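Trainee: Could you take me through one part of this model in detail, with the criteria spelled out as you go?

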Amino acid sequence: MTPFCLASLAERTALLFVLFLSLIAMLALLFVTFGRKGSCPVWFVNAAVFLLFFAALIMLCAEHGYISEGLPLVFQSPIPIWHWWCAVFALGLYAAGGIAMRWAKRTRTIDRNSIKEAMDTLPVAICYFTDKGMVKLCNLQMYRLFYTLFQSDLQSLAELHAALDECDAYTGVIRLSGDEPVYLFPSGKAWLFTETEVRLNDGSAYTETVFYDVTELYEKRLEIEAQTEKLKELGRNIRALSESVVAMTKEEEMLSFKTMLHDRMGAGLMAARQVLAQNRPTEEMDALIRSWRRSVALVKQDNDAMTDRGELSELMQDAAAIGVDVRIDGELPQEAGALGVFLGAMRESLTNCVRHANATELRASVTCNAEGCTFIITNNGEAPKEEIVPCGGLANLAKRVRHLGGTMEIRSLPEFMLTVTVPGERGFLQ
């Protein structure tokens with residue numbers, strides 16, 4: 001068995017180098033286990049082993065130095081060199097194994113540091129406060145947002161509330177309008193703030209404050225608002241076009257009526273000329289005069305309606321002429337489209353109540369607000385014998401109401417009721 005002093009230079013140097021590396025690994029093990037709960041006795045044993053081998057390293061280094069310089073040995077290690085190799089390898093394996101076990105245990109164990117590291121990786125800003133309002137646990141994102149809000153470090157819940165209340169006055173952070181507290185930061189990101197109370201099993205309470213990144217939702221909201229404005233403009237254009245179509249249809253009907261009246265009066269003039277030229281009987285002349293009187297009365301009635309009374313007065317006069325009393329409860333709508341629908345519904349109801357129900361009274365209830373107008377039309381005539389199916393004028397009225405974004409409902413039993421709802425300018429797009 002060769003002692004250390006008789007071994008070759010290469011063997012001595014290699015042993016000292018490996019012993020040095022093993023001591024470094026042992027020192028690292030002492031550092032990672034220092035102060036760990038339940039590992040205090042083991043740590044002291046490891047420290048004793050480290051000091052023992054450190055003393056052996058100093059002794060062997062001194063012996064190696066004396067041998068290299070050719071000086072007489074003061075102390076000669078009696079332990080064979082292969083025993084030293086075994087001890088050094090055992091020390092290195094023990095230190096490396098202890099470090100590996102400690103690392104594996106750290107990855108499997110949740111402690112304060114691992115919780116803090118996990119919170120710092122979250123995309124949200126989160127902070128927990130004690131019942132006295134002091135910071136208990138806070139991640140880096142919350143510290144960053146609070147520094148932007150208040151230009152200082154977060155210390156208490158009161159400071160956070162003050163920063164949120166005064167953000168517009170001191171920083172570029174803007175609280176957006178709405179029911180939920182959403183804040184727009186100078187970076188362009190939008191954050192939703194929430195605050196809730198968390199209670200543990202032991203009865204202790206903490207306040208949880210969280211900022212959620214809602215930038216994508218905020219940008220989508222801006223896009224939707226811009227599209228809504230475009231739709232509103234399109235709705236106004238469609239409404240104006242619809243009103244123009246109705247007006248053109250009415251003008252065409254008036255033109256057709258006047259053309260027919262003109263032709264009738266022209267034919268009447270030709271007939272009068274023939275009667276006078278041919279000395280026809282007086283009875284034919286009387287019939288001709290009565291036809292002229294009806295034509296002239298229609299022309300006069302049409303002129304009066306266009307100049308003095310308007311459509312509503314014309315409707316009232318027509319109702320009075322056929323013996324129907326019209327009663328309107330509420331103020332008429334000011335908007336042209338809604339007013340046109342109301343008058344169209346009243347005229348169609350007037351015609352139907354006389355033709356099918358033998359009514360003598362037509363009642364209309366008008367309710368208008370910011371959302372739109374609702375018309376309810378009834379009469380005192382006979383109830384319908386079967387379900388009313390919209391056709392003719394009612395079908396055209398329904399199409400006109402749908403054009404304006406409204407609804408029309410017909411109730412047949414126990415009595416006739418026509419309900420028309422026309423949205424206002426705001427409700428047209430909803």
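Mentor: What follows is a look at one sheet and the helices that pack on it. This is a predicted model, in which local features need pLDDT of at least 70 and side-chain atom pairs count only at pLDDT 80 or more, while totals for chains, interfaces and linings use all residues. Residues are numbered from 1 along each chain as its sequence is written, and side-chain values use heavy atoms, with hydrogens and water left out.

The open sheet has five strands in the order β7-β8-β9-β11-β10, with mixed pairing; helices (H or I, at least four residues) and strands (E, at least two) are DSSP runs numbered from the N terminus, and two strands pair if DSSP finds at least two bridges between them. At the edges lie β7 (325–329) and β10 (407–411), each of which pairs on one side only. Strands β8 (residues 361–369) and β9 (residues 372–379) run antiparallel and are joined by eight bridges, and Leu-362 has Asn-379 in β9 as its bridge partner.

Helix α10 (residues 336–356) packs on this sheet, touching β7, β8, β9 and β11 (417–423), where contact means heavy atoms within 4.5 Å. Helix α11 (residues 393–403) packs on the sheet as well, touching β10 and β11.

The two helices, α10 and α11, pack at an angle of about 165° with their axes 10 Å apart; axes are lines fitted to C-alpha atoms, for helices over the stretch in contact, and angles run from 0 to 180 degrees between N-to-C directions. That makes α10 roughly antiparallel to α11, given that angles under 35 degrees count as roughly parallel, over 145 as roughly antiparallel, 65 to 115 as roughly perpendicular and the rest as oblique. Among the residues making the contact are Gly-340 and Glu-348 of α10 and Leu-397 and Arg-400 of α11.
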